Amino acid sequence: MPNDTIRTSLELLYSISRELATTLDLRTVLERVLSLSIENVGAERGTLIALDEHQAVEDAAIVVHGQTIHPSPRQLQATLDQGLAGWVLRHRQPALMEDTSRDERWLRRPDDAAAKTGPKSAICIPLMARDQQVGVLTIVHSQPGSFNPEHLALLQAIADQAGIAIYNARLYNSLQIANRRYRELFEDSIDPLLLTTLDGRIIEVNRQTTRTTGFTRAQLSGQTVDDLHALNRELLGENFKNLRGGKTISYEASLQTRSGSHLPVEVYVRRVQTHDALYLQWTLRDISERKALDALHQDLAAMIYHDLRSPLSNVLSALDMLAALVPLDANPTVQSILSIANRSVERMQRMINSLLDISRLEAGQPITNQKAVPTVELVQEAIEVIKYTLESKEQQFSAYLPPDLASLWVDADMARRVLVNLMENATKFTPSGASISVGAEAHGDYVLFWVQDSGAGIPKAAQEHIFDKYIRMRVDEQPKGAGLGLAFCRLAVEAHGGKIWAESEEGKGSRFLLTFPVAKNE
């Protein structure tokens, strides 16, 4: 190649490189590359197709006699399926066609007939970037034999630069779309959203944040997120270290508004990356209505439970009076009916007391009437409550109670109801004639209790949730109870500083274990 030709080619490549470096707009890149390529090889027309990551047409430009056209992807599909551009993409190599009428790779159109424009010459080159095909460039001359290997080399050099430019423009376009979508989602969110630096300094907020807090964007900018609410340092960790690894942390807090009022919110915080930088994204969900509904529910439940307790106490007193009036040698049927009525009323009282305790314990109220309670006596009282059920179902019962067990430091009635609940569950899930066992032993500063049944066992997936409210286990495919008994047990045991858990294997029964603190000498 003569020196003048080499110099001209280098100047052209430098000019193309400089032009492509000034824009990241994909359509502008396509138009400039195609126009410069056609102009410098003396062609009459050309096509440049940009492909997306799925090798589908993303955009395209056609230049014919200096006029630029942007066809739809659908219009170019035949070219990619059957034409020269499709062959080049499939084989990932350039093609120099000296005479289009003699090459089967050329997709012939009515315009190629000898009576019209006739045969042509063409060059087609795949555009590559990071080992990906990002496009295909086709240049056509009106006369056969007009292109030679030097033209192919020049266009290959142009294609190399164009491939990188298209790849960068595509990335920029994707980033712009993603940023626009994120901006729309960010601004239109019904929850207050904040973006902060990793040390909690606010750099961006959405419209809902300004509406909820009453502060303007300018007033919030530069503040720290803990100016708006008290951070849960225990969950977040020092310097927000617990947010590493894409983890999202949530907790409840009180949001400070400009008027001085406080709004209960549920906070969700996680790390996000934008523009190669890490930030913290905070979502502050207003839960004031939920809190008000919870308070109303608790007040209503407490009112109902209190109103039920009074008539039940009257019924129990009346039954006691009837029992005193009935002679000891009275009809056994009468004695049995009185006994059933007494047990039923006592069971209702235990249920109501447990529901009241659930309400109080969930509200964070402490246990105030703890005292030293003999362990063996407490368990024996619980056994006495379920004795009739054991006899009616002919279940075998055994108890392991060392006489030297230390006394417990508990609310006696609450602790008794915990044991009764667990024993009643054991009788409920154990078949007639099968065995149930209970026991207790010293366990450091605690006494460890267990209740073992001979039921069907608890599925492993359900074992984590059986102490949640309204979770009901099934007997003979039918749900049993209201799903509050084990929830009460968990709240009561944990309020005493103890632990409760279940060990179970399907087909081999279940064992419930719990600990209560022992009474210290002081």
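## Strands, a helix and side-chain pairs in a predicted model

In the hairpin formed by S15 and S16, where two residues lie between the strands, glycine 444 adopts a positive phi near 65°. The model described here is predicted, and the values below are computed from its atoms.

The two strands of this hairpin, S15 and S16 (residues 446–452), run antiparallel and are joined by seven bridges, with alanine 442 standing opposite valine 447 in S16. On the other hand, S15 (residues 435–443) also pairs with strand S13 (residues 396–400), to which it runs parallel through five bridges; here tyrosine 400 has glycine 439 in S15 as its bridge partner. S15 therefore has bridges both to a parallel strand, S13, and to an antiparallel one, S16, where pairing of two strands is taken to need at least two bridges.

Helix H12 comprises 18 residues and spans 26 Å from its first C-alpha to its last, which is close to the 26 Å expected at 1.5 Å a residue. The helix is mostly covered, since 14 of its 18 residues are buried. At the N-terminal end of H12, aspartate 411 acts as a cap, with a side-chain oxygen 3.1 Å from the backbone nitrogen of aspartate 413. The side chain of aspartate 413 is in turn engaged with arginine 416 in a salt bridge whose closest N and O atoms are 3.6 Å apart. Because they are three residues apart in H12 (residues 412–429), arginine 416 and aspartate 413 are separated by about one helical turn. An α-helix has 3.6 residues a turn, so residues three or four places apart point the same way. Arginine 416 counts as partly exposed at 23% relative accessibility, and aspartate 413 likewise counts as partly exposed, at 34%. Elsewhere, Glu252, Glu266, Arg290 and Lys291 are joined into one network by salt bridges that share partners.

The structure holds 16 salt bridges, and the table gives three of them with the separation of their N and O atoms.

| Salt bridge | N to O distance |
|---|---|
| Arginine 45 and glutamate 44 | 3.6 Å |
| Aspartate 99 and arginine 102 | 3.5 Å |
| Arginine 416 and aspartate 413 | 3.6 Å |

The partners in the second row differ in their surroundings, because aspartate 99 counts as buried at 18% relative accessibility, whereas arginine 102 is exposed, with a relative accessible area of 73%. Arginine 45, at 23%, counts as partly exposed.

Aromatic rings form four pairs in the model. In one of them, phenylalanine 240 and tryptophan 282 have ring centres 5.8 Å apart and planes at 80°, so the pair is edge-to-face. Phenylalanine 240 lies in the loop between helix H8 (233–236) and strand S9 (249–256), and tryptophan 282 in strand S11 (residues 277–286), so the pair ties together parts that are 42 residues apart in sequence. Phenylalanine 240 is buried at 6% relative accessible area, and tryptophan 282 is buried at 0%. Another edge-to-face pair is made by phenylalanine 467 and phenylalanine 512, whose ring centres are 6.1 Å apart and whose planes lie at 80°. This pair links distant parts of the chain, 45 residues apart, with phenylalanine 467 in the loop between S16 and strand S17 (474–475) and phenylalanine 512 in strand S20 (residues 510–517). Both phenylalanine 467 and phenylalanine 512 are buried.

A further buried residue is threonine 209, in helix H6 (residues 207–213), with a relative accessible area of 0%. Apart from neighbours within four places in sequence, threonine 209 is in contact with Pro192, Leu193, Leu194, Gly214 and Leu220.

Methods: Residues numbered from 1 in each chain as written. Predicted model: local features only at pLDDT ≥ 70, side-chain atom pairs only at ≥ 80, totals over all residues. Heavy atoms only, no water. Helix = DSSP H or I, 4+ residues; strand = E, 2+ residues; numbered from the N terminus. Buried < 20%, exposed > 50% of the residue type's maximum accessible area, 1.4 Å probe, protein only. Contact = heavy atoms within 4.5 Å. Salt bridge = Lys/Arg side-chain N within 4 Å of Asp/Glu carboxyl O. Expected span 1.5 Å × (residues − 1). Polar contact = N/O pair within 3.5 Å; in protein donor to acceptor, adjacent residues only side chain to side chain. Phe/Tyr/Trp six-rings, centres within 6.5 Å; stacked < 30°, edge-to-face > 60°.
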